[in-house]
Amino acid sequence: MSDLILSETHGPVLVLRLNRPEALNALNLALMQALAAALAAADADPAVRCVVLTGSDKAFAAGADVREMQGKTYAQVFAEDIFGPEAAAIARIRKPLIAAVSGYCLGGGCELAMLCDFILCADTARFGQPEVNLGIIPGMGGSQRLTRAVGKSKAMEMVLTGRMMDAAEAERAGLVSRVVPMADLMAEAVKTATTIAAKSALAVMAAKEAVNRSQETALAEGLLFERRQFHALFGTQDQKEGMAAFIAKRPVQFSDR
């Protein structure tokens with residue numbers, strides 16, 4: 001694994017840490033490629049059941065690397081599809097991916113956090129899409145995922161002004177699932193990931209697909225997709241085990257089959 005991504009394991013939970021401290025974890029191409037590769041490897045590893053993505057206490061990621069982008073032309077960024085393939089690869093990860101955010105989470109960093117399945121944040125977290133201050137707009141989902149998360153009015157204000165929202169506002173707006181004290185962030189993220197890891201991997205992946213489908217389809221189509229996933233899980237051993245354990249009032253033993 002690249003030294004741009006640090007990893008540690010906690011049983012079935014893999015923690016990946018962005019590691020460009022000298023640049024507040026600013027996202028450059030090398031970092032994004034290393035992260036996409038690390039997540040693809042985790043997705044293929046049966047020992048990994050849930051992933052936590054985090055940065056440093058000071059910054060999850062303070063944005064995309066302006067120094068790397070500044071001199072590029074339209075023809076270059078269009079031909080390279082800058083960050084597009086990496087973001088798409090991260091979005092395709094089937095296993096649960098939790099963002100644990102503290103400090104600055106701005107621009108590309110905020111977009112990366114929103115690529116995760118949900119965000120836990122410390123009370124020190126600051127979120128924003130300040131690209132307008134650089135004469136550009138968000139380019140990795142900020143105008144789209146942020147709007148879906150917090151609504152048009154707040155997203156429009158943030159994208160047009162570039163202002164930051166603190167952790168409390170982010171929770172009220174629905175951008176993050178929970179706010180915890182800074183000292184407890186990683187322990188809480190690993191605890192949450194461990195809870196998810198104990199479930200049937202088949203049910204978890206189906207649930208993730210169903211919730212994600214809600215963001216991209218009309219209600220009727222989403223409801224049908226959910227129902228068919230629900231039906232399909234009755235063909236698994238885990239459904240039989242889960243319901244039998246519930247009725248017998250005994251611990252469940254999922255086999256991912």
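A residue is called buried when its relative accessible area is under 20%, exposed when that area is over 50%, and partly exposed in between. By this rule Asp81, with a relative accessible area of 44%, is partly exposed, whereas Phe83, at 7% relative accessibility, counts as buried. The structure described here is a predicted model. Asp81 lies in the loop between helix H3 (74–80) and helix H4 (84–91), and Phe83 lies in the loop between H3 and H4 as well. Both residues take a positive phi although neither is a glycine, the value being near 50° for Asp81 and near 70° for Phe83.

The model contains an open sheet of six strands, arranged in the order S1-S2-S3-S5-S7-S10 with mixed pairing. Strand S1 (5–10) and strand S10 (178–180) stand at the edges and have a single partner strand each, so that one side of each is left without a neighbour in the sheet. On average, and with direction ignored, neighbouring strands of this sheet are turned by 25° against each other.

Within this sheet, strand S3 (residues 50–54) is mostly covered, five of its five residues being buried. Cys50, Val52 and Thr54 point one way from S3, while Val51 and Leu53 point the other way, and all are buried. Such an arrangement follows a general pattern, in that the side chains of a regular strand alternate between the two faces of the sheet. Strand S2 (residues 13–18) pairs with S3 in the parallel sense over five bridges, and Val13 stands opposite Cys50 of S3. Between these two strands the chain passes from S2 through H1 to S3, forming a β-α-β crossover that is right-handed. S3 is also joined by four bridges to strand S5 (residues 97–101), and these two strands run parallel; here the bridge partner of Leu53 is Ala99 in S5. Further along the sheet, strand S7 (residues 118–122) and S10 run parallel and are joined by three bridges, with Val179 in S10 as the bridge partner of Cys121.

A further open sheet consists of four strands in the order S4-S6-S8-S9, again with mixed pairing. Its edges are formed by strand S4 (59–61) and strand S9 (164–166), each of which has a single partner strand, so one side of each is left without a neighbour in the sheet. The twist from one strand to the next averages 20°. Strand S8 (residues 126–128) runs antiparallel to S9, to which three bridges join it, and Arg126 stands opposite Asp166 in S9. Helix H5 lies across S4, strand S6 (104–106) and S8, and runs at about 90° to S6.

H5 (108–115) is also one of the helices against which the buried residues of helix H6 pack, together with helix H7 (152–161) and helix H8 (167–173). In H6 (residues 142–150), the buried residues are Gly142, Leu146 and Val150. These residues cover an arc of only 20° around the axis, which puts them on the same side of H6. Just after H6, Gly151 takes a positive phi of about 95°.

The interior of the model can be described through its nonpolar cores. In soluble globular proteins, nonpolar side chains tend to be buried together. The largest nonpolar core here has 49 residues, of which Val101, Leu112, Ile119, Phe127 and Leu175 touch the most other members. Helix H1 (residues 29–44) gives the most to this core, contributing eight residues. When neighbours within four places in sequence are left aside, Val101 is in contact with Phe60, Ala113, Ile119, Leu120, Cys121, Ala122, Ala125, Phe127 and Leu185. Among these contacts, Ile119 and Phe127 are themselves listed with Val101 as residues that touch the most other members of the core. Apart from this core lies another, of 15 residues, which includes Cys50, Val180, Ala189 and Val190. Cys50, a member of that other core, is the residue of S3 that stands opposite Val13.

Terms used: Residues numbered from 1 in each chain as written. Predicted model: local features only at pLDDT ≥ 70, side-chain atom pairs only at ≥ 80, totals over all residues. Heavy atoms only, no water. Pairing = 2+ DSSP bridges. Axes fitted to C-alpha atoms, helices over the stretch in contact; angles between N-to-C directions. Buried < 20%, exposed > 50% of the residue type's maximum accessible area, 1.4 Å probe, protein only. Arc of directions from axis to C-beta. Contact = heavy atoms within 4.5 Å. Core = buried A, V, L, I, M, F, W, Y, C linked by side-chain atoms within 4.5 Å. Right-handed = clockwise from strand over helix to strand, strands pointing away.
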